[in-house]
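Reader: I should like to work through this structure step by step, beginning with its fold and ending with its backbone. Please give the reasoning with each answer.

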Amino acid sequence: MSFTAPRAILFDLDGTLADTAPDLAAAVNQLRTARGLAPTPYEILRPTASAGARGMIGASFGLTPADEGYEELRQGFFDNYQAAMMVHSRLFDGVRELLDGIEAAGLVWGIVTNKPARFTDPLMPLIGLDHASCVVSGDTTAHAKPHPAPLLEAANRLGLAPEQCWYAGDDLRDIQAGRAAGMPTIACQWGYCGAVEPQSWDADHLLATPLDLLALLRATLKDGALAA
């Protein structure tokens with residue numbers, strides 16, 4: 001894909017802009033301690049954070065959405081998380097500078113996440129992201145990522161064609177959704193990334209830090225277009 005200068009940068013939330021894994025892990029470990037079980041080590045839970053309840057419950061209890069007992073755990077996980085979603089969560093280092101740089105360049109930025117609006121809406125002001133130009137949550141459209149519908153909804157809200165937006169995320173589903181929507185894609189190695197190595201995702205760019213993304217953006221805006 002030709003990497004042309006964008007008019008907007010769209011981001012995944014968990015593992016891309018915000019390090020929310022500590023509070024997600026605490027929510028699922030509350031379920032374990034309430035059942036007399038030892039907490040699941042954080043290093044096991046962290047790589048699954050971008051998969052939300054499905055990832056956390058899978059790593060901690062070995063259950064999938066098709067298994068008996070999963071739904072009860074899911075609802076308990078949601079309740080625990082909603083009660084304490086901003087205890088240890090924070091923006092990743094460099095994210096504030098990245099967002100400031102995007103705005104200084106005269107561009108807009110938004111968020112497209114699979115996190116339900118039940119959590120996204122209250123988290124935005126708590127974590128300092130309430131000035132996003134658009135926020136599309138996991139239940140905003142009829143489909144979640146890797147379906148392109150949420151990304152297309154974000155582009156529509158911004159009044160832009162999909163190819164005028166870059167999409168950055170730390171999960172394979174992010175890159176799949178971006179490609180399906182016709183957007184240039186950025187794989188973010190600073191996030192959780194899960195079990196599938198980001199080198200295999202076929203993203204347009206693979207970057208190590210938020211400031212690397214800012215540097216790529218500035219170079220692209222200067223040159224007008226970069227070959228991916």
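Author: The questions below concern a predicted model, and they go from the sheet to the helices, the pockets and the backbone.

Reader: Which strands are the edge strands of the open sheet?

Author: Strands of a sheet pair through backbone hydrogen bonds, either parallel or antiparallel. Here six strands form an open sheet with parallel pairing, in the order β6-β5-β2-β7-β8-β9. A strand at the edge pairs on one side only, and the two that do so are β6 (135–136) and β9 (205–207).

Reader: Which residue in β8 stands opposite G169?

Author: Strand β7 covers residues 165–169 and strand β8 covers residues 185–188. The two pair in the parallel sense over three bridges. In β8, the residue opposite G169 is A187.

Reader: What angle does the direction of helix α8 make with that of β8?

Author: Helix α8 spans residues 172–181 and packs on the sheet, where it touches β7 and β8. Its direction makes an angle with that of β8 of about 175°.

Reader: At what angle to β7 does helix α9 run?

Author: Helix α9 (residues 210–223) lies across β2 (8–11), β7, β8 and β9. Relative to β7, helix α9 runs at about 165°.

Reader: Which residues of β8 are buried on each side?

Author: In a regular strand the side chains alternate between the two faces of the sheet. Both faces of β8 are covered. The buried residues are T185 and A187 on one side, and on the other I186 and C188.

Reader: Against which elements do the buried residues of α8 pack?

Author: The buried residues of α8 are R173, D174, I175, A177, G178 and A181. Charged side chains are thus included, since Asp and Arg count as charged. The partners of these buried residues are α3, α7, β7 and β8.

Reader: Against which elements do the buried residues of α3 pack?

Author: Within α3, the residues A53, G55, M56, I57 and S60 are buried. They pack against α1 (21–34), α2 (42–45) and α4.

Reader: Which helix gives the largest share of the lining of the largest pocket?

Author: Rolling a probe the size of a water molecule over the atoms shows where empty space is left. The largest pocket has a volume of about 520 Å³, and α3 (52–61), α4 (70–83), α6 (117–127) and α8 each supply at least two residues of its lining. The largest share is five residues, and it comes from α4.

Reader: How many charged residues does the lining of the largest pocket have?

Author: The lining consists of 27 residues, with A51, G52, N114, K115 and P116 nearest the centre of the pocket. By class, five of the lining residues are polar and 11 are nonpolar. The charged residues number 11.

Reader: Which elements give two or more residues to the lining of the second largest pocket?

Author: The second largest pocket has a volume of about 220 Å³. Its lining has 13 residues, of which A51, D171, C193, G194 and A195 lie nearest its centre. The elements that give two or more of these lining residues are α3 and α8.

Reader: Is T113 buried or exposed?

Author: T113 lies in the loop between β5 (108–112) and α6. Beyond its neighbours within four places in sequence, its contacts include D12, D14, V136 and K145. The relative accessibility of T113 is 2%, and because buried means under 20%, T113 counts as buried.

Reader: Which peptide bond is cis, with omega near 25°?

Author: Most residues other than glycine have a negative phi, and most peptide bonds are trans. P146 is found in the loop between β6 and α7 (149–158). The cis bond, with omega near 25°, is the one from K145 to P146.

Reader: Which residue has a positive phi of about 65° although it is not a glycine?

Author: Two glycines take a positive phi just after helices: G62, near 70°, follows α3, and G182, at about 80°, comes just after α8. The residue asked for is in the loop between β8 and β9 and is partly exposed, with a relative accessible area of 49%. This residue is D202.

Conventions. Residues numbered from 1 in each chain as written. Heavy atoms only, no water. Pairing = 2+ DSSP bridges. Helix = DSSP H or I, 4+ residues; strand = E, 2+ residues; numbered from the N terminus. Contact = heavy atoms within 4.5 Å. Axes fitted to C-alpha atoms, helices over the stretch in contact; angles between N-to-C directions. 1 Å grid on protein atoms, 1.4 Å probe; cavity = no way out; pocket = protein on both sides within 12 Å on 5 of 7 lines; lining within 4 Å. Points joined across faces, edges and corners; volume = space filled by probe spheres on them. Buried < 20%, exposed > 50% of the residue type's maximum accessible area, 1.4 Å probe, protein only.
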